[in-house]
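The exercises below ask you to read a helix, a buried side chain and a sheet from atomic coordinates. Work through each task before turning to its solution.

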Amino acid sequence: MFTRYCRSMLCTPATATERYANCHRSAADICLVDLEDSVPAQDKAEARSLASAFFTDHSAVGRRCAVRINVISDPDGVRDLLALRDYPVPPPIVLVPKVESPRDVEIVARLLRPVRPDLDLCVVIETPRGVENAVAIAGASPRPRALIFGSADYASALGIPLRWGPLVQARSRLVNAARAAGVEAIDSPTFHLQDLSALRQEAVLAQELGFSGKIALHPGQVGVINEVFSPDAESLEAARRVVAAGQRSGQGITTVDGVMVGRPFFEASQRLLDEFDPSG
């Protein structure tokens, strides 16, 4: 399923303030400042203070910006939430790591919605318990905007290789839970930063599985990710033909290019055009 909301999400460590502008100027759909894994324990307090500028810098104007906090069951996660309430510009998107129950979503929303009523929550599913509870988490109230698969922590928890094959079942369960709840699904990053062929291969597999986008760890990955998670010209033209056929048939079953199509095809094609080709 294609969307412009979260094809790519570029991560920047909160302590790397010199990278903030480059992140904002990238082509990523979401620019993210990270307080969790990329920040050593001894630097958490400094990172928390520095990250405020990620949302107020001139380069952030007009960009969709996010922050990843620490696990809310840890003291640093609680400190993050309290600090975000006092940011001059409260983050519009918050990534919540290691979510294992709907209650995790409710706690973050209760603390941050008073200062950011339009808050989007993206929850990271990266533990066996999180995968088991993915359906309930996706349907939490308030509903998260996206589920994100955390491959590294999940593979570590199971003691399995960090490869596509062993992780495809967990990915499939996450995508199905997300789509059942009407929310987006975002895939974990490809950790080989310079291997764009591996990135493209993994992104294609993720897109075919139903993910909406993928995390980027380096600006050089964003272009490939955006390309894979966007329809090409041929796909848009095919969608136009399907929509036109549906209009001619009164939304009844018909054929396009020798393929039988009906209401699900018409609706999917119209959604694609609405998102990526409004004039079409």
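The expected span of a helix is 1.5 Å times one less than its number of residues. The model to which this is applied here is a predicted one.

**Exercise 1.** Compare the expected span of helix 9 (residues 196-209) with the distance between its end C-alpha atoms.

*Solution.* Step one is to take the 14 residues of helix 9, which at 1.5 Å a residue should span 20 Å. Step two is to set this beside the distance between the end C-alpha atoms, which is 20 Å, so that the two values agree.

**Exercise 2.** Determine which residues of helix 9 are buried, and what lies against them.

*Solution.* Begin with the cut-off, since a residue is called buried under 20% relative accessible area and exposed over 50%. The buried residues of helix 9 are Leu 199, Glu 202, Ala 203, Ala 206 and Gln 207. Because these residues cover an arc of only 140° around the axis, they lie on the same side of helix 9. The general background is that an α-helix has 3.6 residues a turn, so residues three or four places apart point the same way. Turning to the face directed away from the buried side, one finds the exposed residues Ser 197, Gln 201 and Glu 208. The buried residues, for their part, pack against helix 8 (164-181), strand 7 (184-187), strand 8 (213-216) and helix 10 (219-228).

**Exercise 3.** Describe the two ends of helix 9, using Asp 195 for the start and Gly 210 for the residue just after the helix.

*Solution.* At the start, a side-chain oxygen of Asp 195 comes to within 3.3 Å of the backbone nitrogen of Ser 197. Just after the helix, Gly 210 adopts a positive phi of about 115°.

**Exercise 4.** Is His 24 buried or exposed, and which polar partners does its side chain have?

*Solution.* His 24 belongs to helix 1 (residues 20-25), and its relative accessible area of 1% means that His 24 is buried. A polar atom of its side chain lies 3.0 Å from the backbone oxygen of Phe 54, while a polar contact of 2.8 Å links the side chains of His 24 and Ser 59. Leaving aside residues up to four places away in sequence, the residues that His 24 touches include Cys 31, Asp 57 and Arg 63.

**Exercise 5.** State the order in which the eight strands close into a barrel, and examine the pairing of strand 3 with strand 4.

*Solution.* The barrel follows the order 1-2-3-4-5-6-7-8, with parallel pairing. Within it, strand 3 (residues 65-68) and strand 4 (residues 93-96) pair in the parallel sense over three bridges, and Ala 66 stands opposite Ile 93 in strand 4.

How values were computed. Residues numbered from 1 in each chain as written. Predicted model: local features only at pLDDT ≥ 70, side-chain atom pairs only at ≥ 80, totals over all residues. Heavy atoms only, no water. Pairing = 2+ DSSP bridges. Helix = DSSP H or I, 4+ residues; strand = E, 2+ residues; numbered from the N terminus. Buried < 20%, exposed > 50% of the residue type's maximum accessible area, 1.4 Å probe, protein only. Arc of directions from axis to C-beta. Contact = heavy atoms within 4.5 Å. Polar contact = N/O pair within 3.5 Å; in protein donor to acceptor, adjacent residues only side chain to side chain.
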